[in-house]
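Colleague: Please take me closely through one part of this model, going through how its pieces pack, contact by contact.

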Amino acid sequence: METGAHIPVLLDEVLEHLAIRPDGCYLDCTFGRGGHSREILRRLGPTGRLLACDRDATAVAAGADLRADPRVTLVQARFSTIASALGADRLQAGLDGVLLDLGVSSPQFDQAERGFSFQHDGPLDMRMDPDSGESVADWLAHAEQHEIERCLRDYGEERHARRIARRLCDARLREPILTTAQLAAVIAGAVPRS
């Protein structure tokens, strides 16, 4: 369940840099909960276009009310499939601005079942699209220690990556790591307190 209204990040700054023209065509590659898209749409005139997508089906569903607007095209898609999902001809016609708000949105942290939150225990998933790819729990079950270390170091910029990876591999020998609380406990036990 979502808690409170989603507040888009740096809304004024994003809109200032997009410099919305009423007849322009804009692509929001990370629809999220639609905060940026809704404001772009509010500034578009009758001939303006908003193309939007998100990998997360829940995010796309949050924009269901926009589907009635003929200026809007909203689809579920990964970055690598945007052209085919939106229609290459639409993109070749030209865009006046593109927005990518990369990262995890607060509603994903608020929903324990998504597996992103360490404040609320839930299944260890962490997929933007829970219907594709493997969950973190599945990956941790088979990943080599050096793979886990590389992931933590390169993507998480974690200075204790080696120690955490070793502890995760030791912990999974005792029992599978299936929840966010289990993962948080292993990490907390591996990182020295300062």
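Modeller: A crossing is right-handed if the near helix is turned clockwise from the far one by less than a right angle, and left-handed if anticlockwise. Bear in mind that this is a predicted model, with local features needing pLDDT of at least 70, side-chain atom pairs counting only at pLDDT 80 or more, and totals for chains, interfaces and linings using all residues. Residues are numbered from 1 along each chain as its sequence is written, and side-chain values use heavy atoms, with hydrogens and water left out.

Let's start with helix H9 (residues 161-174; helices are DSSP runs of H or I with at least four residues, strands runs of E with at least two, numbered from the N terminus) and its partner H8 (residues 145-155). Their axes come within 8 Å and cross at roughly 135° (lines fitted to C-alpha atoms, for helices over the stretch in contact; angles run from 0 to 180 degrees between N-to-C directions). H8 and H9 are therefore oblique to each other (neither under 35 degrees, roughly parallel, nor over 145, roughly antiparallel, nor 65 to 115, roughly perpendicular). The crossing of H8 past H9 is right-handed. H8 brings Gln 145, Ile 148, Glu 149, Leu 152 and Arg 153 into contact (heavy atoms within 4.5 Å), and among the H9 residues they meet are Ala 161, Ile 164, Ala 165, Leu 168, Cys 169 and Arg 172.

H9 also packs against H10 (residues 180-190), with axes that come within 9 Å and cross at roughly 130°. So H9 and H10 are oblique to each other too, and they pass in a right-handed crossing. From H9 the contact takes Arg 163, Ile 164, Arg 167, Leu 168 and Ala 171; from H10 it takes Leu 183, Val 186, Ile 187, Gly 189 and Ala 190. Ile 164 and Leu 168 of H9 turn up in the contact with H8 as well as in the one with H10.

Now for the sheet. It is open, with four strands running E3-E2-E1-E4 and parallel pairing (strands pair if DSSP finds at least two bridges between them). At its edges sit E3 (72-76) and E4 (97-99), each pairing on one side only. From one strand to the next the twist averages 10°. In the middle of that order, E1 (residues 25-28) and E2 (residues 49-54) pair in the parallel sense over four bridges; one of the bridge partnerships joins Asp 28 to Ala 52 in E2. Cys 25 and Leu 27 of E1 point one way, Tyr 26 and Asp 28 the other, and all are buried (under 20% relative accessible area with a 1.4 Å probe, protein chains only; over 50% is exposed, in between partly exposed).

Helix H2 (residues 35-43) packs on this sheet, touching E1, E2, E3 and E4, and its direction makes about 175° with that of E2. His 36 lies in H2 and, at a relative accessible area of 6%, is buried. Leaving aside residues up to four places away in sequence, His 36 touches Pro 8, Val 9, Leu 11, Val 14, Asp 28, Leu 99 and Asp 101. Ser 37, also in H2, counts as buried because its relative accessibility is 0%. With that neighbour cut-off, Ser 37 touches Asp 28, Phe 31, Leu 50 and Ala 52. Asp 28 and Ala 52 are thus bridge partners that both touch Ser 37, and Asp 28 touches His 36 as well.
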